[in-house]
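Visitor: I am new to this structure. Please give me a close look at how its side chains meet, then at the spaces between them.

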Amino acid sequence: MRRIPVLILISLLAVTAIHAQKPERPKLVVGIVVDQMRWDYLYRYADRYGKDGFNRMVKQGFSCENTFIPYTPTYTAAGHTSVYTGSVPAIDGIIGNSWYRRDLKRQWYCAEDSTVSSVGSTSAAGKMSPRNMWSNTITDELRLATNFESKAIGIALKDRGAILPAGHAANAAYWFDNATGGWISSTYYMKELPEWVKAINDKKLPDQYLSKDWTTLYPAGTYRQSTEDDRPFEGSIQGEDNSFPHTTSRLTGNRYEAFKQTPGGNTFTFDMARATIDAEKMGQRGVTDFIAVSFSSTDYVGHAFGPNSIEAEDTYLRFDRELGEFFKYLDTKVGAGQYLVFLTADHGAAHIPAFLNEHNMPGGTADDAVIQRWINTSAAKKFGIQKAVESVGNYQLYLNYSVLDSAKIDVNDFKTWALGELKAHPAIMAAYDLGNLSTSTLPETLKTRMTNGFNQKLSGDLQFIFMPGFFDGSNKGTTHGTWNPYDAHIPLVWYGWKIKPGKTNRETYMTDIAATVAALLRIQMPNGCVGNVIEEITR
Ligand SMILES: [Zn+2]
(Lines give C-alpha, C1' and ligand atoms only; values in the text may rest on other atoms or scores of the structure.)
Protein backbone atom coordinates (compact mmCIF):
# COMPACT_ATOMS: atom_id res chain seq x y z
CA MET A 1 0.00 0.00 0.00
CA ARG A 2 2.86 2.37 0.75
CA ARG A 3 4.43 1.94 -2.71
CA ILE A 4 1.46 3.24 -4.71
CA PRO A 5 1.69 6.90 -3.68
CA VAL A 6 5.42 6.85 -4.52
CA LEU A 7 4.64 5.52 -8.01
CA ILE A 8 1.99 8.19 -8.46
CA LEU A 9 4.47 10.81 -7.31
CA ILE A 10 7.11 9.58 -9.75
CA SER A 11 4.70 9.53 -12.67
CA LEU A 12 3.42 12.99 -11.72
CA LEU A 13 7.01 14.28 -11.69
CA ALA A 14 7.65 12.66 -15.05
CA VAL A 15 4.53 14.27 -16.55
CA THR A 16 5.53 17.65 -15.07
CA ALA A 17 9.04 17.32 -16.47
CA ILE A 18 7.72 16.56 -19.96
CA HIS A 19 5.35 19.52 -19.77
CA ALA A 20 8.11 21.82 -18.59
CA GLN A 21 10.11 20.96 -21.71
CA LYS A 22 7.32 21.31 -24.23
CA PRO A 23 7.36 24.88 -25.56
CA GLU A 24 4.25 26.93 -25.02
CA ARG A 25 2.67 27.94 -28.28
CA PRO A 26 -0.54 29.63 -29.38
CA LYS A 27 -3.34 27.40 -30.64
CA LEU A 28 -3.50 29.25 -33.91
CA VAL A 29 -1.35 31.73 -35.81
CA VAL A 30 -3.30 34.07 -38.07
CA GLY A 31 -1.18 35.88 -40.64
CA ILE A 32 -3.10 38.74 -42.23
CA VAL A 33 -1.80 40.57 -45.30
CA VAL A 34 -3.92 43.52 -46.39
CA ASP A 35 -2.93 43.93 -50.03
CA GLN A 36 -1.70 47.50 -50.75
CA MET A 37 -2.37 48.79 -47.21
CA ARG A 38 -0.18 51.83 -46.56
CA TRP A 39 0.97 52.30 -42.95
CA ASP A 40 -0.84 55.63 -42.68
CA TYR A 41 -4.26 53.95 -43.17
CA LEU A 42 -3.98 52.69 -39.56
CA TYR A 43 -4.42 56.31 -38.47
CA ARG A 44 -5.88 58.19 -41.41
CA TYR A 45 -9.38 56.76 -40.93
CA ALA A 46 -9.00 55.86 -37.23
CA ASP A 47 -11.69 58.23 -36.00
CA ARG A 48 -14.26 56.25 -37.94
CA TYR A 49 -12.82 52.82 -37.26
CA GLY A 50 -14.74 50.95 -34.57
CA LYS A 51 -13.13 49.72 -31.35
CA ASP A 52 -12.98 46.06 -32.40
CA GLY A 53 -10.88 46.05 -35.59
CA PHE A 54 -7.72 48.05 -36.33
CA ASN A 55 -8.10 50.07 -33.12
CA ARG A 56 -8.28 46.90 -31.02
CA MET A 57 -5.03 45.73 -32.62
CA VAL A 58 -3.21 49.04 -32.21
CA LYS A 59 -4.39 49.70 -28.62
CA GLN A 60 -4.15 46.18 -27.24
CA GLY A 61 -1.39 44.91 -29.49
CA PHE A 62 2.12 45.95 -30.45
CA SER A 63 2.70 48.17 -33.48
CA CYS A 64 6.01 48.37 -35.33
CA GLU A 65 5.42 51.82 -36.70
CA ASN A 66 8.39 52.04 -39.04
CA THR A 67 8.39 48.78 -40.91
CA PHE A 68 9.93 48.91 -44.37
CA ILE A 69 10.27 46.58 -47.31
CA PRO A 70 14.05 46.13 -47.60
CA TYR A 71 14.12 45.41 -51.38
CA THR A 72 12.67 46.47 -54.70
CA PRO A 73 10.48 45.96 -56.63
CA THR A 74 7.63 46.27 -54.13
CA TYR A 75 5.11 44.02 -55.87
CA THR A 76 2.52 41.57 -54.53
CA ALA A 77 4.30 38.24 -55.09
CA ALA A 78 7.64 39.49 -53.75
CA GLY A 79 5.86 40.97 -50.70
CA HIS A 80 3.86 37.88 -49.76
CA THR A 81 7.00 35.79 -50.21
CA SER A 82 9.16 38.06 -48.06
CA VAL A 83 6.62 38.23 -45.22
CA TYR A 84 6.53 34.44 -44.96
CA THR A 85 10.15 33.56 -45.86
CA GLY A 86 11.82 36.46 -44.05
CA SER A 87 13.89 36.60 -47.21
CA VAL A 88 14.44 38.87 -50.21
CA PRO A 89 14.20 38.39 -54.01
CA ALA A 90 18.00 37.92 -54.28
CA ILE A 91 17.58 34.70 -52.29
CA ASP A 92 13.96 33.55 -52.54
CA GLY A 93 13.69 33.80 -56.34
CA ILE A 94 10.39 35.72 -56.42
CA ILE A 95 11.65 38.92 -58.07
CA GLY A 96 8.28 40.33 -59.11
CA ASN A 97 4.75 39.24 -59.98
CA SER A 98 6.29 38.12 -63.24
CA TRP A 99 9.67 38.47 -64.90
CA TYR A 100 11.33 37.90 -68.24
CA ARG A 101 12.87 34.48 -68.80
CA ARG A 102 15.73 34.63 -71.31
CA ASP A 103 15.65 30.85 -71.79
CA LEU A 104 11.96 30.91 -72.76
CA LYS A 105 11.94 34.37 -74.37
CA ARG A 106 8.73 35.28 -72.54
CA GLN A 107 7.31 36.60 -69.29
CA TRP A 108 7.07 34.04 -66.50
CA TYR A 109 4.39 34.29 -63.79
CA CYS A 110 5.47 33.88 -60.16
CA ALA A 111 3.15 30.94 -59.40
CA GLU A 112 2.82 29.33 -62.83
CA ASP A 113 3.32 25.57 -63.00
CA SER A 114 2.36 23.65 -66.12
CA THR A 115 2.85 20.31 -64.33
CA VAL A 116 -0.28 20.77 -62.18
CA SER A 117 -3.97 21.22 -63.01
CA SER A 118 -6.90 23.21 -61.69
CA VAL A 119 -9.00 21.66 -58.96
CA GLY A 120 -12.58 22.95 -58.82
CA SER A 121 -12.60 24.56 -62.27
CA THR A 122 -11.99 23.80 -65.91
CA SER A 123 -10.19 27.14 -66.31
CA ALA A 124 -6.39 27.43 -66.32
CA ALA A 125 -6.50 29.52 -63.13
CA GLY A 126 -5.46 26.54 -61.02
CA LYS A 127 -2.26 25.71 -62.87
CA MET A 128 -0.32 27.19 -59.98
CA SER A 129 2.05 26.10 -57.22
CA PRO A 130 4.79 27.52 -54.95
CA ARG A 131 7.57 25.77 -56.93
CA ASN A 132 9.10 29.01 -58.24
CA MET A 133 9.85 30.08 -54.65
CA TRP A 134 13.36 28.93 -53.74
CA SER A 135 13.25 29.20 -49.96
CA ASN A 136 10.78 27.77 -47.50
CA THR A 137 8.34 29.69 -45.31
CA ILE A 138 7.51 30.10 -41.64
CA THR A 139 4.43 27.97 -42.36
CA ASP A 140 6.74 25.22 -43.71
CA GLU A 141 8.92 25.52 -40.61
CA LEU A 142 5.91 25.10 -38.32
CA ARG A 143 4.97 21.95 -40.24
CA LEU A 144 8.56 20.66 -39.87
CA ALA A 145 8.72 21.57 -36.17
CA THR A 146 5.63 19.53 -35.33
CA ASN A 147 6.41 16.60 -37.61
CA PHE A 148 3.61 17.82 -39.90
CA GLU A 149 0.92 17.69 -37.21
CA SER A 150 0.34 21.44 -37.60
CA LYS A 151 -1.84 22.50 -40.51
CA ALA A 152 -0.88 25.40 -42.79
CA ILE A 153 -3.48 26.78 -45.17
CA GLY A 154 -3.42 29.89 -47.37
CA ILE A 155 -6.44 31.88 -48.58
CA ALA A 156 -6.71 34.89 -50.92
CA LEU A 157 -8.61 35.97 -53.99
CA LYS A 158 -5.21 36.23 -55.73
CA ASP A 159 -3.48 32.89 -56.30
CA ARG A 160 -0.08 34.37 -55.38
CA GLY A 161 -1.53 35.80 -52.13
CA ALA A 162 -2.62 32.31 -51.05
CA ILE A 163 0.05 30.01 -52.51
CA LEU A 164 3.31 31.73 -51.53
CA PRO A 165 2.38 32.33 -47.84
CA ALA A 166 1.02 28.79 -47.37
CA GLY A 167 4.46 27.40 -48.29
CA HIS A 168 5.74 24.29 -50.04
CA ALA A 169 4.42 21.77 -47.52
CA ALA A 170 1.01 23.44 -47.15
CA ASN A 171 -2.08 21.36 -46.48
CA ALA A 172 -3.95 23.56 -48.94
CA ALA A 173 -4.17 26.92 -50.64
CA TYR A 174 -7.40 28.31 -52.05
CA TRP A 175 -7.88 31.21 -54.43
CA PHE A 176 -10.61 32.79 -56.52
CA ASP A 177 -11.54 31.67 -60.00
CA ASN A 178 -12.88 34.41 -62.28
CA ALA A 179 -14.61 31.80 -64.44
CA THR A 180 -16.74 30.19 -61.72
CA GLY A 181 -16.78 32.85 -59.00
CA GLY A 182 -15.71 30.24 -56.47
CA TRP A 183 -12.68 29.02 -54.51
CA ILE A 184 -10.32 26.71 -56.37
CA SER A 185 -6.99 24.98 -55.80
CA SER A 186 -4.49 22.89 -57.77
CA THR A 187 -3.39 19.26 -57.99
CA TYR A 188 -0.21 20.37 -56.21
CA TYR A 189 -2.32 20.21 -53.03
CA MET A 190 -5.24 17.86 -53.69
CA LYS A 191 -7.18 15.83 -56.24
CA GLU A 192 -10.58 17.24 -55.44
CA LEU A 193 -12.03 20.15 -53.47
CA PRO A 194 -13.20 19.15 -49.98
CA GLU A 195 -16.98 18.96 -49.58
CA TRP A 196 -17.01 22.03 -47.36
CA VAL A 197 -15.34 24.12 -50.11
CA LYS A 198 -17.89 22.87 -52.64
CA ALA A 199 -20.59 23.84 -50.14
CA ILE A 200 -19.37 27.43 -49.77
CA ASN A 201 -19.02 27.71 -53.56
CA ASP A 202 -22.57 26.42 -54.02
CA LYS A 203 -23.89 29.35 -51.98
CA LYS A 204 -22.86 31.71 -54.82
CA LEU A 205 -22.05 34.44 -52.30
CA PRO A 206 -20.32 36.70 -54.90
CA ASP A 207 -23.64 36.87 -56.81
CA GLN A 208 -25.43 37.84 -53.61
CA TYR A 209 -22.85 40.52 -52.81
CA LEU A 210 -22.91 41.92 -56.36
CA SER A 211 -26.73 42.08 -56.34
CA LYS A 212 -26.48 44.83 -53.72
CA ASP A 213 -24.98 47.98 -55.26
CA TRP A 214 -21.90 49.42 -53.58
CA THR A 215 -23.06 52.55 -51.79
CA THR A 216 -21.09 54.42 -49.16
CA LEU A 217 -21.33 53.22 -45.55
CA TYR A 218 -21.88 56.81 -44.37
CA PRO A 219 -23.34 59.81 -46.27
CA ALA A 220 -20.92 60.65 -49.13
CA GLY A 221 -20.41 64.22 -47.85
CA THR A 222 -18.86 62.88 -44.63
CA TYR A 223 -15.83 61.36 -46.39
CA ARG A 224 -13.61 64.31 -45.53
CA GLN A 225 -10.38 62.32 -45.87
CA SER A 226 -10.99 61.87 -49.58
CA THR A 227 -11.21 63.82 -52.82
CA GLU A 228 -14.72 64.37 -54.19
CA ASP A 229 -16.02 61.43 -56.21
CA ASP A 230 -15.91 61.00 -59.99
CA ARG A 231 -12.56 62.49 -61.01
CA PRO A 232 -11.10 61.98 -64.50
CA PHE A 233 -7.87 60.46 -63.15
CA GLU A 234 -9.72 57.64 -61.41
CA GLY A 235 -9.94 54.23 -62.99
CA SER A 236 -13.17 52.26 -62.82
CA ILE A 237 -14.67 48.94 -61.84
CA GLN A 238 -14.62 46.68 -64.90
CA GLY A 239 -17.86 47.08 -66.87
CA GLU A 240 -18.95 49.89 -64.57
CA ASP A 241 -17.93 53.52 -64.01
CA ASN A 242 -15.91 55.50 -61.51
CA SER A 243 -18.51 57.02 -59.19
CA PHE A 244 -20.94 56.10 -56.41
CA PRO A 245 -23.29 54.34 -56.32
CA HIS A 246 -21.42 51.50 -58.03
CA THR A 247 -24.31 49.66 -59.65
CA THR A 248 -22.82 46.19 -59.49
CA SER A 249 -26.34 44.72 -59.71
CA ARG A 250 -26.49 45.78 -63.35
CA LEU A 251 -23.19 44.27 -64.41
CA THR A 252 -23.27 41.90 -67.35
CA GLY A 253 -20.58 39.69 -68.85
CA ASN A 254 -17.78 38.51 -66.56
CA ARG A 255 -18.96 39.98 -63.29
CA TYR A 256 -16.41 38.17 -61.15
CA GLU A 257 -13.50 40.28 -62.34
CA ALA A 258 -15.50 43.32 -61.20
CA PHE A 259 -16.41 41.56 -57.95
CA LYS A 260 -12.76 41.57 -56.88
CA GLN A 261 -12.76 45.37 -57.18
CA THR A 262 -15.48 45.76 -54.55
CA PRO A 263 -15.47 45.39 -50.73
CA GLY A 264 -17.49 42.19 -51.24
CA GLY A 265 -14.23 40.50 -52.27
CA ASN A 266 -12.90 41.02 -48.75
CA THR A 267 -16.20 39.83 -47.22
CA PHE A 268 -15.96 36.63 -49.27
CA THR A 269 -12.37 36.13 -48.07
CA PHE A 270 -13.48 36.47 -44.41
CA ASP A 271 -16.29 33.97 -45.17
CA MET A 272 -13.71 31.50 -46.50
CA ALA A 273 -11.31 32.03 -43.58
CA ARG A 274 -14.07 31.21 -41.08
CA ALA A 275 -15.24 28.22 -43.13
CA THR A 276 -11.66 26.90 -43.23
CA ILE A 277 -11.08 27.28 -39.48
CA ASP A 278 -14.43 25.57 -38.82
CA ALA A 279 -14.01 22.67 -41.23
CA GLU A 280 -10.32 21.99 -40.58
CA LYS A 281 -10.76 22.56 -36.82
CA MET A 282 -7.76 24.87 -36.95
CA GLY A 283 -6.54 25.92 -33.52
CA GLN A 284 -8.87 23.36 -31.94
CA ARG A 285 -6.74 20.22 -32.21
CA GLY A 286 -4.12 20.45 -29.45
CA VAL A 287 -1.40 21.53 -31.89
CA THR A 288 -0.54 24.94 -33.34
CA ASP A 289 -2.08 25.61 -36.77
CA PHE A 290 -1.32 28.48 -39.16
CA ILE A 291 -3.84 30.22 -41.40
CA ALA A 292 -2.44 32.76 -43.86
CA VAL A 293 -5.15 35.08 -45.16
CA SER A 294 -4.56 37.85 -47.67
CA PHE A 295 -7.18 40.43 -48.60
CA SER A 296 -6.84 41.30 -52.28
CA SER A 297 -9.77 43.67 -52.83
CA THR A 298 -8.06 46.52 -50.98
CA ASP A 299 -5.45 46.34 -53.77
CA TYR A 300 -7.91 46.19 -56.68
CA VAL A 301 -9.84 49.17 -55.26
CA GLY A 302 -6.59 51.03 -54.56
CA HIS A 303 -5.28 50.55 -58.10
CA ALA A 304 -8.48 51.84 -59.68
CA PHE A 305 -9.26 54.78 -57.42
CA GLY A 306 -6.07 55.72 -55.53
CA PRO A 307 -5.35 56.41 -51.85
CA ASN A 308 -7.32 59.67 -51.79
CA SER A 309 -10.61 58.24 -53.02
CA ILE A 310 -13.95 57.74 -51.29
CA GLU A 311 -13.78 54.17 -52.62
CA ALA A 312 -10.52 53.49 -50.72
CA GLU A 313 -11.80 55.12 -47.52
CA ASP A 314 -15.09 53.21 -47.67
CA THR A 315 -13.27 49.92 -48.35
CA TYR A 316 -11.12 50.37 -45.22
CA LEU A 317 -14.09 51.40 -43.04
CA ARG A 318 -15.91 48.25 -44.13
CA PHE A 319 -12.79 46.09 -43.75
CA ASP A 320 -12.32 47.40 -40.19
CA ARG A 321 -15.85 46.30 -39.22
CA GLU A 322 -15.30 42.84 -40.69
CA LEU A 323 -11.91 42.52 -39.01
CA GLY A 324 -13.62 43.23 -35.68
CA GLU A 325 -16.21 40.53 -36.37
CA PHE A 326 -13.43 38.11 -37.30
CA PHE A 327 -11.64 38.72 -33.97
CA LYS A 328 -14.90 38.08 -32.09
CA TYR A 329 -15.28 34.84 -34.04
CA LEU A 330 -11.71 33.82 -33.13
CA ASP A 331 -12.34 34.69 -29.45
CA THR A 332 -15.27 32.29 -29.43
CA LYS A 333 -13.80 29.58 -31.63
CA VAL A 334 -10.17 29.49 -30.47
CA GLY A 335 -10.31 31.60 -27.30
CA ALA A 336 -9.21 35.14 -26.49
CA GLY A 337 -5.45 35.24 -25.94
CA GLN A 338 -5.03 31.78 -27.47
CA TYR A 339 -4.27 32.94 -31.01
CA LEU A 340 -1.43 35.06 -32.35
CA VAL A 341 -2.13 37.59 -35.12
CA PHE A 342 0.15 39.71 -37.22
CA LEU A 343 -1.29 42.17 -39.71
CA THR A 344 0.87 43.68 -42.43
CA ALA A 345 0.89 44.53 -46.14
CA ASP A 346 2.75 43.31 -49.20
CA HIS A 347 3.40 46.93 -50.31
CA GLY A 348 1.74 50.36 -50.21
CA ALA A 349 0.80 52.63 -53.11
CA ALA A 350 1.56 56.03 -54.62
CA HIS A 351 -0.95 58.83 -54.85
CA ILE A 352 -2.35 59.25 -58.36
CA PRO A 353 0.17 61.58 -60.08
CA ALA A 354 -2.54 63.75 -61.71
CA PHE A 355 -4.06 64.30 -58.26
CA LEU A 356 -0.64 65.34 -56.89
CA ASN A 357 -0.12 67.66 -59.87
CA GLU A 358 -3.43 69.42 -59.10
CA HIS A 359 -1.85 70.39 -55.79
CA ASN A 360 1.47 71.44 -57.34
CA MET A 361 3.23 68.29 -56.18
CA PRO A 362 5.56 66.42 -58.52
CA GLY A 363 4.65 63.06 -59.99
CA GLY A 364 3.98 61.34 -63.28
CA THR A 365 3.95 58.10 -65.19
CA ALA A 366 6.15 56.51 -67.81
CA ASP A 367 5.77 53.21 -69.57
CA ASP A 368 8.28 50.33 -69.57
CA ALA A 369 7.33 49.36 -73.11
CA VAL A 370 7.87 52.92 -74.35
CA ILE A 371 11.31 53.00 -72.69
CA GLN A 372 12.20 49.73 -74.42
CA ARG A 373 11.12 51.04 -77.85
CA TRP A 374 12.98 54.29 -77.27
CA ILE A 375 16.28 52.61 -76.32
CA ASN A 376 15.96 50.16 -79.21
CA THR A 377 15.27 52.98 -81.71
CA SER A 378 18.29 54.93 -80.42
CA ALA A 379 20.45 51.78 -80.54
CA ALA A 380 19.42 51.17 -84.15
CA LYS A 381 20.59 54.69 -85.07
CA LYS A 382 23.79 54.52 -83.03
CA PHE A 383 24.92 50.92 -83.64
CA GLY A 384 22.77 49.76 -86.57
CA ILE A 385 21.29 46.89 -84.53
CA GLN A 386 17.68 45.81 -83.96
CA LYS A 387 16.06 44.75 -80.66
CA ALA A 388 19.16 45.32 -78.53
CA VAL A 389 16.92 45.27 -75.45
CA GLU A 390 14.95 42.02 -75.18
CA SER A 391 12.67 43.07 -72.38
CA VAL A 392 11.99 45.83 -69.86
CA GLY A 393 10.20 44.95 -66.65
CA ASN A 394 10.37 45.59 -62.93
CA TYR A 395 12.41 48.72 -63.81
CA GLN A 396 15.14 46.58 -65.38
CA LEU A 397 16.49 46.15 -68.93
CA TYR A 398 17.37 42.71 -70.24
CA LEU A 399 19.97 43.11 -73.00
CA ASN A 400 20.01 40.86 -76.04
CA TYR A 401 23.48 39.34 -75.85
CA SER A 402 23.22 37.49 -79.17
CA VAL A 403 22.38 40.71 -81.04
CA LEU A 404 25.31 42.52 -79.40
CA ASP A 405 27.58 39.53 -80.01
CA SER A 406 26.67 39.22 -83.73
CA ALA A 407 27.37 42.94 -84.25
CA LYS A 408 30.63 42.60 -82.27
CA ILE A 409 29.57 45.30 -79.83
CA ASP A 410 31.27 45.16 -76.45
CA VAL A 411 28.60 44.61 -73.76
CA ASN A 412 30.22 47.09 -71.37
CA ASP A 413 30.40 49.77 -74.06
CA PHE A 414 26.75 49.22 -74.83
CA LYS A 415 25.82 49.37 -71.15
CA THR A 416 27.67 52.67 -70.69
CA TRP A 417 25.89 54.14 -73.69
CA ALA A 418 22.45 52.81 -72.62
CA LEU A 419 22.87 54.14 -69.06
CA GLY A 420 23.58 57.59 -70.52
CA GLU A 421 20.42 57.39 -72.61
CA LEU A 422 18.33 56.25 -69.65
CA LYS A 423 19.58 59.09 -67.45
CA ALA A 424 18.42 61.58 -70.10
CA HIS A 425 14.79 60.45 -69.58
CA PRO A 426 12.86 63.11 -67.64
CA ALA A 427 11.25 60.55 -65.27
CA ILE A 428 14.48 58.69 -64.48
CA MET A 429 16.47 59.77 -61.43
CA ALA A 430 19.28 57.22 -61.64
CA ALA A 431 20.35 54.25 -63.74
CA TYR A 432 23.12 51.76 -63.09
CA ASP A 433 24.65 48.43 -64.07
CA LEU A 434 23.17 45.71 -61.82
CA GLY A 435 26.41 43.74 -62.10
CA ASN A 436 28.34 46.68 -60.68
CA LEU A 437 25.97 47.81 -57.97
CA SER A 438 28.65 47.95 -55.27
CA THR A 439 30.61 50.62 -57.14
CA SER A 440 27.61 52.84 -57.88
CA THR A 441 27.18 56.05 -55.93
CA LEU A 442 23.58 55.44 -54.88
CA PRO A 443 22.64 56.43 -51.32
CA GLU A 444 23.16 53.48 -48.95
CA THR A 445 19.42 52.85 -48.32
CA LEU A 446 18.74 52.53 -52.05
CA LYS A 447 21.85 50.45 -52.65
CA THR A 448 20.79 47.97 -49.96
CA ARG A 449 17.26 47.67 -51.31
CA MET A 450 18.42 47.26 -54.91
CA THR A 451 21.00 44.65 -53.86
CA ASN A 452 18.34 42.70 -51.95
CA GLY A 453 16.11 42.82 -55.04
CA PHE A 454 18.82 41.75 -57.48
CA ASN A 455 18.82 38.04 -58.23
CA GLN A 456 21.96 36.90 -60.05
CA LYS A 457 20.17 34.20 -62.00
CA LEU A 458 16.91 35.95 -62.83
CA SER A 459 17.32 39.72 -62.88
CA GLY A 460 18.08 42.01 -65.81
CA ASP A 461 21.29 43.89 -66.67
CA LEU A 462 20.49 47.54 -66.10
CA GLN A 463 18.25 49.13 -63.49
CA PHE A 464 16.60 52.52 -63.58
CA ILE A 465 15.02 54.40 -60.68
CA PHE A 466 12.25 56.93 -61.26
CA MET A 467 11.96 60.33 -59.62
CA PRO A 468 9.84 60.30 -56.44
CA GLY A 469 6.14 60.36 -57.36
CA PHE A 470 6.67 58.65 -60.72
CA PHE A 471 5.82 55.08 -61.63
CA ASP A 472 5.53 52.67 -64.54
CA GLY A 473 1.83 52.60 -65.35
CA SER A 474 -1.10 54.35 -66.96
CA ASN A 475 -2.40 57.84 -66.23
CA LYS A 476 -5.60 56.51 -64.64
CA GLY A 477 -5.51 55.09 -61.15
CA THR A 478 -2.26 54.24 -59.40
CA THR A 479 0.25 51.52 -58.64
CA HIS A 480 3.32 50.57 -56.57
CA GLY A 481 6.66 48.86 -57.11
CA THR A 482 9.30 51.43 -56.14
CA TRP A 483 11.60 51.90 -53.14
CA ASN A 484 9.84 55.10 -52.04
CA PRO A 485 8.17 55.28 -48.60
CA TYR A 486 4.62 55.37 -50.03
CA ASP A 487 5.30 51.90 -51.53
CA ALA A 488 7.73 50.50 -48.97
CA HIS A 489 6.39 51.69 -45.57
CA ILE A 490 3.90 49.05 -44.39
CA PRO A 491 1.84 48.46 -41.24
CA LEU A 492 2.98 45.71 -38.86
CA VAL A 493 0.76 45.09 -35.85
CA TRP A 494 0.96 42.10 -33.51
CA TYR A 495 -1.96 41.03 -31.38
CA GLY A 496 -3.09 38.21 -29.12
CA TRP A 497 -1.08 35.36 -27.57
CA LYS A 498 1.72 36.74 -25.31
CA ILE A 499 1.63 40.16 -27.03
CA LYS A 500 1.82 43.07 -24.63
CA PRO A 501 0.48 46.48 -25.69
CA GLY A 502 3.09 48.87 -27.03
CA LYS A 503 4.79 50.31 -30.04
CA THR A 504 8.21 51.03 -31.43
CA ASN A 505 9.36 53.67 -33.90
CA ARG A 506 12.64 51.84 -34.39
CA GLU A 507 13.09 50.86 -38.03
CA THR A 508 12.03 47.26 -38.60
CA TYR A 509 11.64 45.30 -41.83
CA MET A 510 9.23 43.01 -43.60
CA THR A 511 11.92 40.30 -43.32
CA ASP A 512 11.75 40.51 -39.49
CA ILE A 513 8.19 39.12 -39.40
CA ALA A 514 9.04 35.45 -40.05
CA ALA A 515 12.08 35.64 -37.74
CA THR A 516 9.89 37.01 -34.94
CA VAL A 517 7.14 34.41 -35.42
CA ALA A 518 9.87 31.74 -35.30
CA ALA A 519 11.17 33.18 -32.01
CA LEU A 520 7.69 33.37 -30.46
CA LEU A 521 6.89 29.79 -31.48
CA ARG A 522 10.42 28.56 -30.69
CA ILE A 523 10.82 26.97 -34.09
CA GLN A 524 13.54 27.29 -36.71
CA MET A 525 13.41 30.36 -38.92
CA PRO A 526 12.84 29.76 -42.66
CA ASN A 527 15.88 28.61 -44.64
CA GLY A 528 16.38 31.84 -46.62
CA CYS A 529 15.56 34.20 -43.74
CA VAL A 530 17.75 37.32 -43.43
CA GLY A 531 15.52 39.18 -40.96
CA ASN A 532 16.03 39.85 -37.26
CA VAL A 533 13.83 39.09 -34.29
CA ILE A 534 11.87 42.15 -33.18
CA GLU A 535 12.98 41.88 -29.58
CA GLU A 536 10.42 44.30 -28.15
CA ILE A 537 7.73 41.72 -28.93
CA THR A 538 9.44 38.72 -27.40
CA ARG A 539 10.18 40.37 -24.04
ZN1 LIG B 1 -0.25 43.52 -53.70
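**Inside the fold**

Guide: Lys151 and Glu280 are both buried (under 20% relative accessible area with a 1.4 Å probe, protein chains only; exposed means over 50%). They meet in a salt bridge, with their closest N and O atoms 2.8 Å apart (the cut-off is 4 Å, from a Lys or Arg side-chain nitrogen to an Asp or Glu carboxyl oxygen). Lys151 sits in the loop between helix H6 (138-145) and strand E6 (152-156). Glu280 sits in the loop between H11 and E9, so this bridge ties together parts that are 129 residues apart in sequence. Elsewhere, salt bridges with shared partners build one network out of Arg102, Lys105, Glu390 and Asp461.

The model is predicted: local features need pLDDT of at least 70, side-chain atom pairs need 80 or more, and totals for chains, interfaces and linings use all residues. Numbering starts from 1 along each chain as its sequence is written, and side-chain values rest on heavy atoms, without hydrogens or water. Helices (H or I, at least four residues) and strands (E, at least two) are DSSP runs, numbered from the N terminus.

In total, the structure has 26 salt bridges. Take Glu313 and Arg48 as a second case. Their side chains form a salt bridge at 3.4 Å, N to O. This pair also joins distant parts of the chain. Glu313 belongs to helix H13. Arg48 lies in the loop between helix H2 (41-44) and helix H3 (54-60), and 265 residues separate the two partners. Glu313 has 2% relative accessibility, so it counts as buried.

Asp103 gives a contrasting case. Its salt bridge is with Arg101, at 2.7 Å between the closest N and O atoms. Asp103 has 56% relative accessibility, so it counts as exposed.

Now the aromatic rings. The structure has 35 aromatic pairs. Phe270 and Phe326 are a good place to start: their ring centres are 5.4 Å apart and their planes meet at 55 degrees, so this pair is tilted. Phe270 comes from helix H11 (residues 264-279). Phe326 comes from helix H13 (residues 310-335), 56 residues away, so to speak across distant parts of the chain. Phe270 and Phe326 are both buried.

Next come Phe295 and Phe319. They form an edge-to-face pair, 4.9 Å from centre to centre, with 80 degrees between the planes. Phe295 is in strand E9 (residues 289-295), and Phe319 is in helix H13, so the pair ties together parts that are 24 residues apart in sequence. Phe295 and Phe319 are buried too.

The rule for pairs covers rings of Phe, Tyr and Trp (its six-membered ring) with centres within 6.5 Å: planes under 30 degrees apart are stacked, over 60 edge-to-face, the rest tilted.

These four Phe residues belong to a cluster linked by ring pairs. Its members are Tyr41, Tyr45, Tyr49, Phe54, Phe270, Phe295, Tyr316, Phe319, Phe326 and Tyr329.

Helix H13 returns when we turn to the spaces. The largest pocket holds about 430 Å³ of space. It is lined by 20 residues, and those closest to its centre are Pro263, Gly264, Thr267, Arg318 and Glu322. Helix H9 (205-211), H11 and H13 each add at least two residues to this lining. H13 contributes the most, with six residues.

The second largest pocket has about 250 Å³ of space. Its lining includes Lys22, Pro23, Arg25, Pro26 and Lys27. Among the others are Thr146, Gly283, Arg285, Gly286, Val287, Thr288 and Gln338.

There are also three cavities of 30 Å³ or more in the whole structure. The volume of the largest cavity is about 80 Å³. Strand E15 (residues 462-466) gives the most to its lining, with four residues. Gln463, Phe464, Ile465 and Phe466 are among the lining residues. So are Thr72, Tyr395, Met450, Gly481, Thr482, Trp483 and Asn484.

Both kinds of space are found on a 1 Å grid over the protein atoms alone: in a cavity a 1.4 Å probe fits but cannot get out, while a pocket is open, with protein on both sides within 12 Å along at least five of seven lines. Lining residues have an atom within 4 Å of a point, and volume is the space filled by probe spheres set on the points.
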